Amino acid sequence: MRLHELTIHGALELLRRRDISATELTQALLDRIVDVDNDIKAYLTLTPETALQEARKADELRAAGTDGALLGIPLAIKDNICLAGVPTTCGSRILESFVPPYDATVVTQLRHAGAVFLGKTNLDEFAMGSSTENSAFFTTHNPWDLTRVPGGSSGGSAAALIADEALGAFGSDTGGSVRQPASLCSIAGMKPTYGRVSRYGLVAFASSLDQIGPLGKDVTDCALLLNVIARYDPRDSTSLDAPVPDYTTALRPEIKGLRIGVPREYFAAGIQPGVEKAVRNAIQVLADLGADIAETSLPHTEYALPAYYLLATAEASANLARYDGIKYGYSATDAPDIWEAYRRTRQHGFGAEVKRRIMLGTYALSAGYYDAYYLKAQKVRTLIKQDFDQAFQQFDVLVGPTSPTVAFRIGEKVDDPLQMYLSDVFTLSQPLAGICALSLPCGFVSSPVCPVLSPGQGVGTAGTGRKVRGMANGLPVGLQISGPALGEEIVLRVAYAYEQATEWHTRKPKIKEEH
Amino acid sequence: MALTREEVEHIADLAKLGLSEEEIETLREHLSAILEYAAILERLDTDAIPPTATVLPLRNVMRADKPASSLPQADALDNAPSTAEGYFQVKAILE
């Protein structure tokens, strides 16, 4: 196995045995990035010099007898999480020149654990989107099929990971932004319980929903990453002062007798048949492992989407008011007065989706519409939370698809915001209820037709006898496991049991034709 | 619910967001479609339902009133497009 293909737990074993050094490992990842990222475009910023410095320091510490939970492990960080001294653009023109003067708490914790930072990954602007197509800089390509999106908004992190351009990654999840790209790229990705992880240094989108989450090549890696970041933080007054277990102790493949609910609303019209089949098969695997499976209902599921978009955009319109061209970021210099300077700064600094959401949120909060939209959505949020509260009285976890479809084509949904929003239809409810959920690989749907690509894209075409890159296994499907607030352990346990019984997580896309 | 052009301009003004003619029309269409979709919320009777602003059981989180170090002034100003004498500089807001 080549070094970049390692999992975190696999690499830690080799590092601890002194079979490899952190410097070698980091160099292998940097080489891999040079090799494939021209095609994938997962990274917005690379930090090879500091990464190698951090790796050398990790090697020195290890030589001196010190260990750390992630000592010498190279990671990718979504570009809305602050690393001191490294540009944090949020995929936006308005923050193109912004260099944060401090580390996010999550980054501080990762540094203490000995992690190495390879760079910052691409995202939909301000984490608003489901495909990375809303990035102001470029679109990330799905390593399974370069003509398709990796999902979003943490698409860069998910794509980097499945393309072996990092050993682990972090994203943020407001309405599915970790889980949906994890599903579309065949990665394990978790949205922790609201408050479980500090948001200090995460650029705010919708403050009552945002949560940083880990992406791993397998469930064990997710648990290792969560172990480091789950903590109370006095700098985030919405973080929970609750005991933090060692999540790796949850990784026991025993789910006999666990009660697993299958919400019927998660198999509604609109779900692709191949996705439904893969998820139903996964549920059968859980049944074969001894879990008690029963159908259940989350009756307000269909209202989650409009409620989410009203609440998230209302919060975003307030959070994004800070981008005024005065304290940091892009500033329109040609305006005659301060009011026009605000308007021009924001007109030229924000992209179309961000403007759309600021407008929708401002409308929902404006005089005369507040009760009908914002307050109404907050009340519906209560109903959605009550659905989950009731379900978790009967069930330990709930399972269903993460996304109704496999990865869609780049450009397919960009002009239809509602269609794009529907990509997250199964991942919006959990943040509204504040609970935790994880997506992990549960199968593949073979692509019906290989895309005919124009020459110059550098991709082999079908029918020439050459293998088409990334088409070997079809497109991945994700299984979503939702648990109650602070139920990360039970979610990880079910995920681990499923993973141990299947081999989906070992499949890798063929990004380059092997020589 | 179809928005008028004037409503779009009013919201943009509240949001301090400059928009081109084309953007106003596109936003009018998109926002109207999204609000039309959001109207399904009206099917739910929520008169007796309390709103949820946050899922957390926390209220009024306090900390000890102890001085602590904060970001140095130079660092805080480092990203500003325009500064003067240790302050953020803005265009005049009064005549």
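The following exercises, with worked solutions, concern a predicted model with chains A and B.

In this predicted model, local features need pLDDT of at least 70 and side-chain atom pairs count only at pLDDT 80 or more, whereas totals for chains, interfaces and linings use all residues. Residues are numbered from 1 along each chain as its sequence is written, and chains are lettered from A in the order in which they are written.

**Exercise 1. Determine whether the radius of gyration of chain A agrees with that of a compact globule.**

Step 1. The radius of gyration is taken over C-alpha atoms, and the globule rule is 2.2 Å times the number of residues to the power 0.38.
Step 2. For 515 residues the rule gives a value near 24 Å; chain A has 22 Å, which agrees.
Step 3. The C-alpha trace of chain A spans about 60 × 55 × 55 Å along its principal axes.
Step 4. Of the 515 residues in chain A, 61% are buried (20 or more other C-beta atoms within 10 Å of a residue's own; exposed means 12 or fewer, partly exposed in between, with C-beta atoms placed from the backbone).

**Exercise 2. Describe the open sheet of chain A and identify the strands at its edges.**

Step 1. Chain A has 15 helices and 11 strands; these are DSSP runs (helices H or I, at least four residues; strands E, at least two), numbered from the N terminus.
Step 2. The order of the 11 strands in the open sheet is E1-E3-E2-E4-E6-E5-E10-E11-E9-E7-E8, with mixed pairing; two strands pair if DSSP finds at least two bridges between them.
Step 3. Strands E1 (43-46) and E8 (292-296) of chain A each have a single partner strand, so they stand at the edges with one side left without a neighbour in the sheet.
Step 4. On average, neighbouring strands of this sheet are turned by 30° against each other, direction ignored.
Step 5. Within chain A, strands E5 (residues 188-191) and E10 (residues 436-445) run antiparallel and are joined by 3 bridges. Lys191(A) has Ala437(A) in E10(A) as its bridge partner.

**Exercise 3. State the span of helix H12 of chain A and locate its kink.**

Step 1. H12(A) covers residues 370-394, which is 25 residues.
Step 2. From first C-alpha to last, H12(A) reaches 36 Å, close to the 36 Å expected at 1.5 Å a residue (1.5 Å times one less than the number of residues).
Step 3. A kink of about 30° is centred on Lys376(A); the bend is the angle between axes fitted to the seven residues ending at a residue and the seven starting there.

**Exercise 4. Examine the backbone geometry of Lys41(A), Ser186(A) and Ser153(A).**

Step 1. Most residues other than glycine have a negative phi, and most peptide bonds are trans.
Step 2. Lys41(A), in the loop between helix H2 (22-40) and E1 of chain A, has a positive phi near 60°. This residue counts as buried because it has 23 C-beta neighbours inside 10 Å.
Step 3. Ser186(A), in the loop between helix H6 (179-185) and E5 of chain A, has a positive phi of about 70°. Ser186(A) is buried, with 30 other C-beta atoms within 10 Å.
Step 4. The peptide bond from Gly152(A) to Ser153(A) is cis, with omega near 10°. Ser153(A) lies in the loop between E3 and helix H5 (155-162) of chain A.

**Exercise 5. Identify the elements of chain B that give two or more residues to the side touching chain A.**

Step 1. In all, 41 residues of chain B are in contact with 52 residues of chain A (C-beta atoms, placed from the backbone, within 7 Å).
Step 2. The elements are helix H1 (5-14) and helix H2 (21-38) of chain B.
Step 3. H2(B) gives the largest share, 8 residues.

Notes. Axes are lines fitted to C-alpha atoms, for helices over the stretch in contact, and angles run from 0 to 180 degrees between N-to-C directions. Two residues are in contact if their C-beta atoms, placed from the backbone, lie within 7 Å.
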